[in-house]
Amino acid sequence: MLLLIFAACATDTTDTGADPHDTADTADSGDTADTGDSGAAVSVIPQPLVVTELGGTFSLDQAMTVWGEGDAAPVAEALAARLRAATGYAVPVEAPGTIRLALGGAEPAEGYTLEVNDAGVELTASDADGLYFGAQTLLQLAPPAVYTSSPVSGVDWTLPTVQIEDAPRFAWRGLMLDVARHFFTVAEVERQIDWMAVHKLNRLHLHLSDDQGWRIEIKSWPDLAIVGGASEVGGGPGGYYTQDELRALIAYAAERHITVVPEVDFPGHANAALSAYPELNESGVPAEEYTGVGVISTPLWLDGPDTLQFVSDVWGELAALSPDTIVHIGGDEAVDINASDYAAFIQWLQADLSADGYTLIGWDEIGPAGLDAPFYAQYWYDLDNTRDALARGAQILASPSGHAYLDMKQSKDAAYGQTWAGIIDTRTAWDWEPVPNGMVEADVIGVEGCLWTEYIDDTAKMDFMLWPRAAAIAERGWSQPGTWEDFRARLGHHGARLDALGVGYAADPEVDWE
Ligand code: TNX
């Protein structure tokens, strides 16, 4: 019997101090002791809280059934569907169930208890999220072929017997995709949603506007999408989501227990919007389309007679589509707007959103803007701004660019990627402490990996930049701190799962891929 409880071994989260648009290497990778254990037969990412191996095995055969009723039924159906696809067995959802899912446990939110014993599998949770995440753990106990899309023959579908008690360290375990610099279709984003679910990531933050493109249909300002959507970095065709498409994407994510967080970025990074409507420009003529790779940040004309109505209309439509009450207002790099105008705009936007019941999150620049709680600040660059936000009652979402910016190169000789926040190999994406110095755990709502797409123009590059580093971020958000050696060993096993899923991941040479 092996009991694995992970001890704290934190590394400092410090300000990167780097200029985000400077090319210097400034990674601050912390160090942890290499004393971990590979976890033997049970090798799960993200690492569960308590794993007790019972030393036996249990086999799933063609007679297996799955059972769950009420709110457990959709999770039972999803689990059965995955098992059906991989094994080719019938896997009916019927009582009493070889694999039994039940709500009504005393587990913490999103947590679960999973036991595989000689008689079958018991999965309990207090909420459907917990059951869903527990089902993800169960799948990782099975051979990696459990992730294939068509039946594989000759596989012995054996599970180790085990007791697992698990719950996330943080409530928000996110991934941000910048679909503005390059556009990615609903289907392309859904692939990533599938893989996020495998890793218990539960927030998909979509960066829907930037200088190079506008990606969401706004019915009251149709040229935003039609004109502002027709550009991207490099001069490609761009694109946008209709509201129906975004609704479908949100529903697809929700079935996988992932909440979509939409962002349109104001008051900076507004060039695409300004290119669509002359009246949003002080000059009275539309801004010129921008398709460069370099970061500019065209500001909104805050004194314009139509500007606030425009922003209010955009958010009126977008917030109504949002599945949650937290929406992302951007707020970064408004370099051409003075601090008091910036603060007045952000405060106005908070009031406008809160009148409709929404709470905002913004990049850490919103810290000094004088907002009132509740709100959230996404720490990416400036710890002083982040501390200002905390002092105003915000909770912090941790995306320190030196660890969580997945658009950085993973090695010095990588063919593409940024370097201003450092070289981020898998270890650097894994090895950091989400609670910044001087803050406590309750100050932090969670972690988020960010993929900016100036250099990412197809799904092969997207896969390569996201995986396995997004798995490292997922572990940072879900699990207690552990050792790199232990994660490295589990990741070596995990490669076969990523292969079965069809993920074109970067095979970091530090990992012994099996
Ligand atoms: C900084 S992060 C930005 C983005 C760029 C990114 C490139 C942030 C809030 N702003 O506009 O895409 O650097 O790494």
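This report describes the ligand site, the charged pairs, one enclosed helix and some backbone features of a predicted model.

**The ligand and its surroundings**

The ligand is surrounded by 15 residues, and the closest of them are R181, Y405, D407, W420 and E454. When the residues of this shell are sorted by character, 7 are nonpolar, 3 are polar and 5 are charged. Several side chains approach the ligand with polar atoms: a polar side-chain atom of D407 lies 2.6 Å from an oxygen atom of the ligand, and an N or O atom in the side chain of W420 is 2.9 Å from a ligand oxygen atom. The side chain of D332, in turn, has an N or O atom 3.0 Å from a nitrogen atom of the ligand. Taken on its own, the ligand has 360 Å² of accessible area, and the protein covers 100% of that area.

**Salt bridges**

Side chains of opposite charge can pair when their charged atoms come close. In this structure there are 19 salt bridges, and three of them are set out in the table below.

| Pair | N to O distance |
|---|---|
| D210 and R181 | 3.4 Å |
| K219 and E217 | 3.6 Å |
| D372 and R392 | 3.1 Å |

What does the bridge between D210 and R181 tie together? Because D210 lies in strand β10 (residues 209–210) while R181 lies in the loop between β8 (172–178) and α3 (186–198), the pair ties together parts that are 29 residues apart in sequence. Both D210 and R181 are buried, and both belong to a network of salt bridges that also links D178 and E454. Two members of this network, R181 and E454, are also listed among the closest residues to the ligand.

The pair of K219 and E217 has another setting, since K219 is exposed, with a relative accessible area of 53%, whereas E217 is partly exposed, with a relative accessible area of 21%.

In the third pair, D372 and R392 meet in a salt bridge at 3.1 Å, N to O, and this pair links distant parts of the chain, with D372 in the loop between β14 (359–363) and β15 (376–379) and R392 in the loop between α9 (383–391) and β16 (395–398), 20 residues apart. D372 is partly exposed at 47% relative accessibility, and R392 is partly exposed as well, with a relative accessible area of 37%.

**Helix α13 and the charged residue R476**

Is helix α13 enclosed by the rest of the structure or open? Helix α13 is largely enclosed by the rest of the structure, because 10 of its 10 residues are buried. Among these buried residues are the charged R469, E475 and R476, together with I473 and W478.

R476, which is found in this helix (residues 469–478), is buried yet has no salt bridge, and the nearest side chain of opposite charge, that of D431, is 5.6 Å away. That distance explains the missing bridge, because a salt bridge requires a side-chain nitrogen of Lys or Arg within 4 Å of a carboxyl oxygen of Asp or Glu. The side chain of R476 does, however, reach the backbone oxygen of W432 at 2.8 Å.

**Backbone features in the loops**

Most residues other than glycine have a negative phi, and most peptide bonds are trans. Against that background, a cis peptide bond joins A95 and P96, with omega about 0°, and P96 is placed in the loop between α1 (73–87) and β4 (99–103). Another cis peptide bond joins W467 and P468, with omega about 10°, and P468 is found in the loop between α12 (459–466) and α13.

Two residues are described here for their positive phi. E110 has a positive phi of about 70° although it is not a glycine; E110 is found in the loop between β4 and β5 (112–117) and is buried, with a relative accessible area of 9%. H257 has a phi near 60°, again a positive value in a residue other than glycine; H257 sits in the loop between α5 (243–255) and β12 (259–266) and is buried, with a relative accessible area of 17%.

Methods
Residues numbered from 1 in each chain as written. Predicted model: local features only at pLDDT ≥ 70, side-chain atom pairs only at ≥ 80, totals over all residues. Heavy atoms only, no water. Near = heavy atom within 4 Å. Polar contact = N/O pair within 3.5 Å; in protein donor to acceptor, adjacent residues only side chain to side chain. Areas by Shrake-Rupley, 256 points an atom, 1.4 Å probe, with all protein chains shown as cover. Nonpolar A, V, L, I, M, F, W, Y, C, P; charged D, E, K, R; others polar. Helix = DSSP H or I, 4+ residues; strand = E, 2+ residues; numbered from the N terminus. Buried < 20%, exposed > 50% of the residue type's maximum accessible area, 1.4 Å probe, protein only. Lys, Arg positive; Asp, Glu negative; His and termini not counted.
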